[in-house]
Amino acid sequence: MTKQEYTITVYTENQIGLLNRIAIIFSRRKINVESLNTSPSEVDSVHRFTIVINETEDVVRKLCRQIEKQVEVLKAYYNTNEEIVWQELALYKVPTDIIAEEVKVERLLRQYGAKAVVIRKDYTVFEVAGHREETDTLIKVLEPYGLIEFVRSARVAIIKNSDGFHKKLKSFEYKEPGEEVVENEYLSENEKVFSM
Amino acid sequence: MDTLELTKKEKTATATENISGSVAVLRALIAENVETIFGYPGGAIMPIYDALYDYHDKLKHILVRHEQGAIHAAQGFARVSGRTGVVFATSGPGATNLVTGLADAMIDSTPVVCITGQVFAHLLGTDAFQETDVINITTPVTKWNYQVTDANEIPHVLAKAFYIAGSGRPGPVVIDITKNAQLQLFEFKGYEKCEHIRSYRPKPIVRKEYIEKAAQLINEAERPFVIFGQGVILGKAEKEFQKFIEKSGIPAAWTIMGMSAIPTDHPLGVGMLGMHGNYGPNVLTNECDVLIAVGMRFDDRVTGRLDKYAKQAKVIHLDIDPAEIDKNVKTTVSVWGDCKETLPLLTELVEQKVYPQWLQKFKDCMEKEEVKCIKPELTPNNEVLTMGEVIDILNRLTKGEAVIVTDVGQHQMVACRYAKYNNSKSNITSGGLGTMGYALPAAIGAYYGAPDRPIIAIIGDGGMQMTIQELGTIMQFKPNVNIIILNNNFLGMVRQWQELFHQHRYSFVDIQSPDFVQVAKGYGIEGRSVCKRDELKNALSEMLNSKDSYLVEVMVGKENNVFPMVPQGRGVAEIVLGKDEV
Ligand SMILES: Cc1ncc(C[n+]2csc(CCOP(=O)(O)OP(=O)(O)O)c2C)c(N)n1
């Protein structure tokens, strides 16, 4: 099995310490986390982690099971890049005079869909939302013109074929889940998207 | 009084009461039917100990001599009784002393609730006296942990703690309570047991189609083989398991943790798996056509080299923890669920069968092992005492009724290989972590978990010195614990490896011991040392007949080895029966 980028989406309770509990699942196995984002989810009071790693599917599946095993984790899904819509946000700080003088730079920024967030006499901050390759290329492009600062956010991702968590959550509320919620479903989807 | 009644009573009697967080902790324990606490006081847990002063008629507190002793005792208590063990410890060093036991309880799925004191909430993160980040230190070795800074949380959090520790795949829980929360008065609205946490599903709904698939594989099998672990005991499914193997007629071998779930002399019981397990179960793992794993996790000490493990077999795995399924061994059919529920369903669908030829293979293997390993161990032809003959005499004296608690090393393997058991929950040992120092405190805890059963701790001369201070606990609280030290004057298991795999280079394994009998005497515990065969039975009888704890030291052969053995890095079928084969 070959390694590729997987995005893990974890729905959790909002609990101090859970971030650590999840993070050490990766560090214990010496697995590098490419990006990690925590945010609210579509459901009030439910937290959503988005974690990107580069691993084989077998490893990712096992990691998801370890994550779901944590008491405060509701659910963990993993997806390939084809199965999600995703974005990262990048900020670039460049000297204002260069942009003003070099027409080329302005054109380039436009080409990459950069938006000016702050314009000051001494510097300008641009923002680009996109995939890693896009934001990466713009670094290369801007470097010769004196890129002062660069930062990129973690990935956030939407799962294309997900119905969201509202309905799923209902099944967690009851002690005995109803017939429509077959928790054991993942066993029959051993090779597919992880969902317990 | 049953729990429900008690809970109700607690509720009505205290509906509008203002109590301290500390009292709330103790009320929670009482509501959870806790009778015994193993602990050690200190600054940050003083309010709880102060409250305990008024509760000593309802809660027994065993003052250990080191917090590691407290948690191992709680583990021994839990393992022998099937109930959750409870520990009190103070902040900082008190809490960090628990870490080894937490790791042990985590890997061996033992239900324990540890309550640790913590500095005042306003001092958190200031490097206050005896402040350590207990939550983060214990996160990797707990099933759940939580820090309480407000007394109002205590009833609810403790209810969760007991629910989580004891349900699903059990494990240790740490509740860290800041001193202000222990002192705080709050309106106690009663204690309600926790029965549901929405993000936590201790066991799934059983899917029948997997049971059907499993049954079909079993019914078509010619050489099926059952291997089982502690899951059978933790699931309290011993009867269900026995029915399953008896109807299906399938030979069954236990892991070290599954041992005693069925009587050791059960006609279908073919012995122990693993590195020092029996020859047949290891070799025939690689000859069966369907391997049925029940409540076990394919630890590397059981599987040996994975790429040489049961490659020919279709694998059925019954487990309550989905993270174990397909973790080490890829299954053909996985039955996720509580084996108390899944086994009867499976039993219903399997055909009544016998496999005389297949079973004969196990017997043939046993004969081979008998000649090369068992006979020389149990009936040696020279005057050097062996560990095996000690166990053999114990078997005859206790008739399989004792609880045997072992430490870690050669004596552990020998005890587990040769001890006979009639009852479940009788073999208490540190399986997953291999924690030296486990046995003495665990045996103390086991006594409180099963005060009417003979408790025998079997310990090496090395391990005894790791928690020897718990003799003080025995002196003070007088649990009846039989202590056997199998003294080979070496860190035996490490010496064995150095002999076999490091060209006999004995590097720091010649450990010196104190006069154990004298040490015991210092603690007011009777004992004697035995170095002759004809004294052995007498000494062990004396020990077992003594109403108080008693220590027997047996001087055994210095350089005896434990065989069979699956050398590290080899497949189970490459198990060796003696030094000449290594
Ligand atoms: C806390 C701890 N430290 C080290 C080890 C490594 N170890 C495993 S067995 C063993 C030797 C045990 O010697 P002893 O207690 O005398 O028992 P024997 O093997 O001689 O029966 C050691 C050092 C361990 N398992 N646990």
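This section describes the ligand site, a buried loop residue, the cysteines, chain A and the backbone geometry of a predicted model.

Local features were considered at pLDDT of at least 70 and side-chain atom pairs only at pLDDT 80 or more, whereas totals for chains, interfaces and linings use all residues. Residues are numbered from 1 along each chain as its sequence is written, chains are lettered from A and ligands numbered from 1 in the order in which they are written, and side-chain values use heavy atoms, with hydrogens and water left out.

The ligand is surrounded by 18 residues, a residue being counted if one of its heavy atoms lies within 4 Å of the molecule. Q410(B), H411(B), G434(B), G463(B) and G492(B) come nearest. Polar contacts are pairs of N or O atoms within 3.5 Å; within protein, one atom must be able to donate a hydrogen and the other to accept it, and residues adjacent in sequence count only if both atoms are side-chain atoms. A polar side-chain atom of H411(B) is placed 2.8 Å from an oxygen atom of the ligand, and a polar side-chain atom of D461(B) lies 2.9 Å from a ligand oxygen atom. M493(B) contributes a backbone N or O atom, 2.9 Å from an oxygen atom of the ligand. The protein buries 76% of the 580 Å² that the ligand exposes when taken alone, with accessible areas computed by the Shrake-Rupley method with a 1.4 Å probe and, for residues, only the protein chains shown counting as cover. Two or more residues of the shell are given by each of α18 (410-418), α20 (461-464) and α22 (492-501) of chain B; helices (H or I, at least four residues) and strands (E, at least two) are DSSP runs numbered from the N terminus. The shell comprises eight nonpolar, nine polar and one charged residues, where Ala, Val, Leu, Ile, Met, Phe, Trp, Tyr, Cys and Pro count as nonpolar, Asp, Glu, Lys and Arg as charged, and the others, Gly among them, as polar.

I262(B) is located in the loop between β10 (252-254) and β11 (269-272) of chain B. With a relative accessible area of 0%, I262(B) is buried (buried, under 20%; exposed, over 50%; partly exposed, in between; 1.4 Å probe, protein chains only). Beyond its neighbours within four places in sequence, I262(B) is in contact (heavy atoms within 4.5 Å) with F228(B), F241(B), Q242(B), I245(B), W254(B) and G269(B). The C-alpha atoms of I262(B) and K239(B) are 8.4 Å apart, at a sequence separation of 23 residues.

Over all chains, zero disulfides were counted, a disulfide being a pair of cysteine sulfur atoms within 2.5 Å. For C114(B), the nearest cysteine sulfur is that of C194(B), 18 Å away; C114(B) is buried at 0% relative accessibility. C373(B) is buried at 7%, and its sulfur is 12 Å from the closest cysteine sulfur, in C365(B), too far for a bond.

Chain A contains six helices and nine strands, and 47% of its 196 residues are buried. Among contacts in chain A with a separation of 6 or more, 76% join residues 24 or more positions apart.

Most residues other than glycine have a negative phi, and most peptide bonds are trans. The F563(B) to P564(B) peptide bond is cis, with omega near 0°; P564(B) lies in the segment after β20 (550-555) of chain B. D127(B), in the loop between β5 (112-118) and α7 (134-138) of chain B, has a positive phi of about 60° and is exposed at 71% relative accessibility.
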